[in-house]
Every structure is written in structure tokens, then in C-alpha cells.
Amino acid sequence: MISAFSAGFGLSLSLIVALGAQNLFLLRMGLALAYRLPLALAATLSDGLLMAAGVLGFGQVVLAYPEALRGLTLGGAVMLCAYGAGAVRRALRGEALHDEDGAERIPSPRGATLTFFAITFLNPHVYLDTVGLVGAVGSRFSGPTQGAFLAGAVSASAVWFFSLIFGARLLRPFLRTTRAWRLLDSAIALIMFSLAAVLLKGAFASA
């Protein structure tokens with residue numbers, strides 16, 4: 001049981017710490033002290049549902065329909081480009097974290113919700129990692145050990161997301177100038193466009 005839990009925890013953590021669209025969005029919300037608890041819970045629950053689906057065998061369904069995955073990849077590339085364009089606009093406009101609440105950097109609840117779900121569920125890597133890879137490994141376990149593996153995987157997601165969102169406040173003293181935020185948003189834009197290019201290359205290469 002312990003070894004199964006550790007296997008799930010280690011695998012999930014190794015996949016989730018990569019610098020991607022979801023992590024960058026959650027980091028920005030953590031820096032702005034915006035919707036931290038709801039977003040941390042939503043991210044953990046989303047990962048948990050996808051991982052459970054994979055462990056229960058739905059990963060094979062995802063991999064069995066390459067056309068659907070290609071469509072999801074194209075949608076994800078568009079979403080990443082849109083998010084990258086928003087980061088470019090912020091970098092050009094220039095913003096600074098002046099007040100303690102960071103209110104000038106907080107999107108509306110609706111905007112934050114839509115962005116989170118788009119970044120989470122329009123990213124094909126999410127399905128390949130959580131549903132495909134975690135599901136493939138988890139399906140090798142059975143009975144209580146399979147439950148322990150899934151519990152470990154979801155626990156890793158919870159530890160990472162809560163640490164990322166609530167730990168982001170430690171970076172706030174370094175991000176109180178317009179130049180610092182321009183550098184951060186420029187880096188976010190570069191990463192988003194790079195990820196979009198990778199997705200488009202993969203989609204057309206498999207066409």
C-alpha cells in the first residue's frame with residue numbers, strides 16, 4: 001500500500017511541476033492574492049477526476065481516437081496563443097503591484113473561471129499525462145493498491161497546487177516594479193507561444 005501510494009505521488013509530482021500554462025496562471029493568481037483557495041481546490045479536483053478516469057480505463061479511450069485528440073490539440077494551441085497575446089498586452093502596458101491586495105491585477109470571477117477551465121481542459125498534455133500516463137501506470141495495480149496509487153497521485157497534485165498558489169506571495173516583494181512584471185509577462189508570453197508551436201507541430205505531423 002505504501003509503495004503504491006509513493007509510486008502515485010512520485011509520478012504525479014514529476015509530471016505536474018513542469019512550467020506550463022496552468023501553473024503560470026495559478027502563479028499569477030497567487031501573486032495577486034486572487035481566488036487562491038477556490039483555484040487550488042479546482043485544480044486538485046480536476047486532476048483527481050482526470051487521474052481517476054485514467055486509472056479506471058478511460059485512458060485507452062482517449063488514445064483510441066487520434067482525430068479527437070488532434071482537434072483538442074488545435075484548440076489548445078489557439079487558447080495558448082490567446083493567453084500569450086494577453087501577456088504581451090500586459091507587458092507592453094506595464095503594470096506594478098502597488099497595493100497590498102493587488103486589486104489591479106485581479107480578473108473577474110467569471111474571467112478567472114473561464115481561463116482556468118480553458119487552460120486545464122483544452123490542453124491535450126493534461127489528458128496524455130493524467131488520463132494516459134497516470135492511468136496506464138495505475139491500471140497495473142488492483143484492489144486496495146490501485147486506490148492507494150490514485151490517492152498518492154492526487155495528494156501530489158494537492159501539495160503542488162496549494163504550495164504554488166499560497167507560496168507565490170513570497171515573490172511579491174520582488175515584483176513591485178513595472179519592469180519586473182514586464183519581464184514576468186514577457187516570459188509567460190514566450191512560454192505560451194512556444195507551447196502553442198509545439199502543439200501545432202505535433203498536430204500537423206500526425207495528420
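Which helix gives the largest share of the lining of the largest pocket? That would be α6, with five residues. Keep in mind that this is a predicted model.

**The pocket**

The largest pocket holds about 390 Å³ of space. Its lining counts 21 residues, and those closest to the centre are Leu15, Asn123, His125, Val126 and Asp129. Helix α6 is in company here: α1, α2, α3 and α8 also supply at least two residues each to the lining.

**The overall fold**

Zooming out, the chain has eight helices and zero strands, so the run of elements from the N terminus on reads α-α-α-α-α-α-α-α. Of the 207 residues in the chain, 43% are buried.

Helix α7 (residues 144-167) makes a handy check on geometry. With 24 residues at 1.5 Å a residue, α7 should span 34 Å, and its end C-alpha atoms sit 33 Å apart, which agrees. The buried residues of α7 include Phe149, Phe161, Leu164 and Ile165, along with small ones such as Gly152 and Ala153.

**The salt bridge**

How many salt bridges does a search of the whole structure find? Just one. Arginine 28 pairs with aspartate 185, and their closest N and O atoms are 3.3 Å apart. That pair ties together distant parts of the chain, with arginine 28 in helix α2 and aspartate 185 in helix α8, 157 residues apart. As background, side chains of opposite charge can pair when their charged atoms come close.

Are the two partners buried or exposed? Arginine 28 has a relative accessible area of 8%, so it counts as buried. Aspartate 185 is buried as well, because its relative accessibility is 0%.

Here are three residues side by side, with leucine 37 from the surface patch described below:

| Residue | Relative accessible area | Class |
|---|---|---|
| Arginine 28 | 8% | buried |
| Aspartate 185 | 0% | buried |
| Leucine 37 | 46% | partly exposed |

**The nonpolar patch**

On the surface, Leu37, Leu41, Leu45 and Phe166 form a nonpolar patch, with about 370 Å² of accessible area together. Helix α3 (residues 36-63) gives the largest share of this patch, three residues. Leucine 37 is in helix α3. Why does leucine 37 count as partly exposed? Its relative accessibility is 46%, and the partly exposed class covers what lies between the buried limit of 20% and the exposed limit of 50%. Helix α3 thus turns up in two places, because it supplies residues to the patch and at least two residues to the lining of the largest pocket.

How values were computed. Residues are numbered from 1 along each chain as its sequence is written. This is a predicted model: local features need pLDDT of at least 70, side-chain atom pairs count only at pLDDT 80 or more; totals for chains, interfaces and linings use all residues. Side-chain values use heavy atoms; hydrogens and water are left out. Patches are made of residues with over 30% relative accessible area and no salt bridge: like charges are joined within 9 Å, nonpolar side chains (Val, Leu, Ile, Met, Phe, Trp, Tyr) within 5 Å. Accessible areas come from the Shrake-Rupley method with a 1.4 Å probe; for residues, only the protein chains shown count as cover. A salt bridge is a side-chain nitrogen of Lys or Arg within 4 Å of a carboxyl oxygen of Asp or Glu. Helices (H or I, at least four residues) and strands (E, at least two) are DSSP runs, numbered from the N terminus. Buried means under 20% relative accessible area, exposed over 50%, partly exposed in between (1.4 Å probe, protein chains only). The expected span of a helix is 1.5 Å times one less than its number of residues. On a 1 Å grid over the protein atoms alone, a cavity is a set of points where a 1.4 Å probe fits but cannot get out, and a pocket is an open set with protein on both sides within 12 Å along at least five of seven lines; lining residues have an atom within 4 Å of a point. Grid points are joined across faces, edges and corners, and a volume is the space filled by probe spheres set on the points.
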